[in-house]
Each structure stands twice: as structure tokens, then as C-alpha cells.
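User: I would like a close look at a single part of this model. Please keep the answer connected and plain.

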Amino acid sequence: VQLVESGGGFVQAGGSLKLSCAASGTTGSINAMGWYRQAPGKERELVAEITGGGGSTIYADSVKGRFTISKDNANTMVTLQMNSLKPEDTAVYYCNAVFRRLTDIEVWGQGTLVTVSS
């Protein structure tokens, strides 16, 4: 599976951005997809995750009520709608796909930069 993100950019605080991640390959076997972010000098953290069936979502407390994750049934596209952006949302955002086997197998995209100015 390959993941390619798009949609990052520069936005003022309070604005919105939509990130997209296109997945190719054996996407039908994906068990969960998500978005992570890494700000300068900080560790990568989970932003949002959605299960393969699309029935369950998880959000970081810091983005609840502002961000929405969604995907198609074939796991070929996962999006992150980001509203009411804050300067602290500035980070490189990474798309993630998880295959849950005897051990988890994770695939990552190359990342897309989101910069929120105050």
C-alpha cells in the first residue's frame, strides 16, 4: 500500500483546511486509517483514526469538535477536515494505514505541512 497526502498549506487562525490521503494497492485489507502530526521539537501524535469499517473514530482531545475524519468504503481515500484552526495545530501531518495481523503493520505517507498563523 502507498499513501500520498495533499491539502496542506498556510492558513490564518480560525480558518479551515482539508487534508486528503490517496491510498493505492491492497487497500481492502486495511483495518484502520488515521492522521498523525508532528510539530517541531515534539513527538508524533495521533490526531484522528477511523476503523476499516468506518464505524468507529478516535480523536485527540485537542482536536475534538474541530476536526473530522472520514474515508470511503474501499479505503482508497481518507480525509481530515480541519476547522477553527489554531497556531498550535501547526505541524507536518502524516497519513497512516494499519494492517492488524499477528503484529500491527503500519504504512505512512510522506507528510504534508500545515502552518497556522496567529
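User: Is the link of Cys 21 and Cys 95 left-handed or right-handed, going by the angle about the S-S bond? Please also describe where the two cysteines sit and how the strands around them pair.

Analyst: The model is a predicted one. The link of Cys 21 and Cys 95 is left-handed, with an angle of -85° about the S-S bond. Cys 21 belongs to strand 3, residues 17-24, and Cys 95 to strand 9, residues 91-100, so the link ties together parts of the chain that lie 74 residues apart in sequence. The S to S distance in this disulfide is 2.1 Å; the cut-off for calling such a pair a disulfide is 2.5 Å. By that rule the count for the model is 1 disulfide. In general terms, a disulfide is a covalent bond between the sulfur atoms of two cysteines.

Both ends of the link can be placed by accessibility. Cys 21 has a relative accessibility of 0% and therefore counts as buried, the cut-off for that term being under 20%. Cys 95 is likewise buried, because its relative accessible area is 0%.

Strand 9, which holds Cys 95, also pairs with strand 11. The two are antiparallel, with 3 bridges between them. One residue involved is Ala 91, whose bridge partner in strand 11 is Val 114. Strand 11, residues 112-117, has a parallel pairing too, with strand 2, residues 9-12, through 4 bridges. Here Phe 10 has Thr 115 of strand 11 as its bridge partner. Strand 11 thus pairs with strand 9 in the antiparallel sense and with strand 2 in the parallel sense.

Key
Residues numbered from 1 in each chain as written. Predicted model: local features only at pLDDT ≥ 70, side-chain atom pairs only at ≥ 80, totals over all residues. Heavy atoms only, no water. Buried < 20%, exposed > 50% of the residue type's maximum accessible area, 1.4 Å probe, protein only. Pairing = 2+ DSSP bridges.
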